[in-house]
Amino acid sequence: MSSKPKETGRIVVGVDGSASSKEALQWAVRQAELTDCGVNAVIAWEYPPLYGSIGWLDAPQSLAGDLKVWAGQALDDAIREVVASGDTSRVKATVAYGTAASVLLEAARNASLLVVGSRGHGGFTGALLGSVSQHCTQHAPCPVVVVRGGDR
């Protein structure tokens, strides 16, 4: 843990467009209402690795703009779907490049709380926690809430 004082009143929530992340966003907004905090909804994007005849390759740079725009649209759609119109001023949207876990951990610096869903778009469906939520619970600089879906 850092020796810096924590910024009070900021809840970071990871959103990837999955049902689990939308439930986490809904939980974070409700908690923010109860504690008079702001919400920073964060989505991460990165270049998909490609496998070619010479091994693993980076995706073409021309995809960068498209991927960032798609990520931003997914985040905006989730906020529009989950957050009541009167509460949208409480939510700040952030689109960041990098792996989901590293982006969330960086965003959670000096936050009062990090909220993640139990499972996003990747991983194994039988896992108790997704890889991102598990990584965040083990390495976050602040308390973490893992919101499990209603179907469990």
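**Entry 1: a tryptophan to start with**

Is W45 buried or exposed? I looked this up before anything else, and W45 counts as buried, with 11% relative accessibility. A reminder to myself: this is a predicted model.

Next I wanted the aromatic partner of W45. W45 and Y97 form an aromatic pair, with 4.8 Å from centre to centre. Their planes stand at 70 degrees, which makes the pair edge-to-face. The count of aromatic pairs comes to 1, so I had no further ones to visit.

Why does this pair tie together separate parts of the chain? W45 belongs to strand β2 (residues 38-45) and Y97 to strand β5, so the pair links parts that lie 52 residues apart in sequence. I also checked the cover on the partner: Y97 counts as partly exposed, because its relative accessibility is 48% and exposed begins only over 50%.

**Entry 2: the sheet**

Those two strands sent me to the sheet. In what order do its strands lie? I read the order as β5-β2-β1-β6-β7, an open sheet of 5 strands with parallel pairing. At the edges I found β5 (91-97) and β7 (144-147), each of which pairs on one side only. On average, neighbouring strands here are turned by 25 degrees against each other, with direction ignored.

A general note for my own use: strands of a sheet pair through backbone hydrogen bonds, either parallel or antiparallel.

I then followed one pairing in detail. Strand β6 (residues 113-117) runs parallel to β7, and 4 bridges join the two. Along this pairing, V116 stands opposite V146 of β7.

**Entry 3: a serine beside those valines**

Both valines turned up again when I looked at S133. This serine sits in helix α4. Leaving out residues up to four places away in sequence, I list V116, G117, S118 and V146 as what S133 touches. For S118 I also noted the C-alpha separation from S133: 6.1 Å, with their positions 15 residues apart along the chain.

Is S133 buried or exposed? S133 is buried, because its relative accessibility is 2% and buried means under 20%.

**Entry 4: helix α3**

Which residues of helix α3 are buried? In this helix (residues 100-107) I found A101, V103, L104, L105 and A107 buried. Then I asked what covers them. The cover includes the strands β1 (10-14), β2, β5 and β6, and also helix α4 (131-139). So my list for α3 brings back strands from the sheet and the helix that holds S133.

**Entry 5: salt bridges**

How many salt bridges are there? The count comes to 4, and I looked at several of them.

K22 pairs with E81, and their closest N and O atoms are 2.8 Å apart. K22 lies in helix α1 (residues 19-35) and E81 in helix α2 (residues 63-82), so this salt bridge ties together parts 59 residues apart in sequence. E81 is exposed, at a relative accessible area of 54%.

Another salt bridge stays within helix α1. The side chains of E33 and R30 meet there at 3.1 Å, N to O. Because the two are 3 residues apart in the helix, about one helical turn separates E33 and R30. Both ends are partly exposed: E33 has a relative accessible area of 30%, and R30 has 46%.

In helix α2 I found R80 and D77, whose side chains meet in a salt bridge of 2.8 Å, N to O. R80 and D77 are also 3 residues apart, about one turn of the helix. Here the two ends fall into separate classes: R80 is exposed, with 59%, whereas D77 is partly exposed, with 41%.

**Entry 6: cysteines**

How many disulfides does the structure hold? I found 0. As background, a disulfide is a covalent bond between the sulfur atoms of two cysteines.

I checked C142 to see why. The nearest cysteine sulfur to that of C142 belongs to C136 and is 9.1 Å away, whereas a disulfide needs the sulfur atoms within 2.5 Å, so C142 is in none. C142 counts as buried at 6% relative accessibility. I looked up C37 too, and C37 counts as buried at 11%.

Notes: Residues numbered from 1 in each chain as written. Predicted model: local features only at pLDDT ≥ 70, side-chain atom pairs only at ≥ 80, totals over all residues. Heavy atoms only, no water. Pairing = 2+ DSSP bridges. Axes fitted to C-alpha atoms, helices over the stretch in contact; angles between N-to-C directions. Buried < 20%, exposed > 50% of the residue type's maximum accessible area, 1.4 Å probe, protein only. Phe/Tyr/Trp six-rings, centres within 6.5 Å; stacked < 30°, edge-to-face > 60°. Contact = heavy atoms within 4.5 Å.
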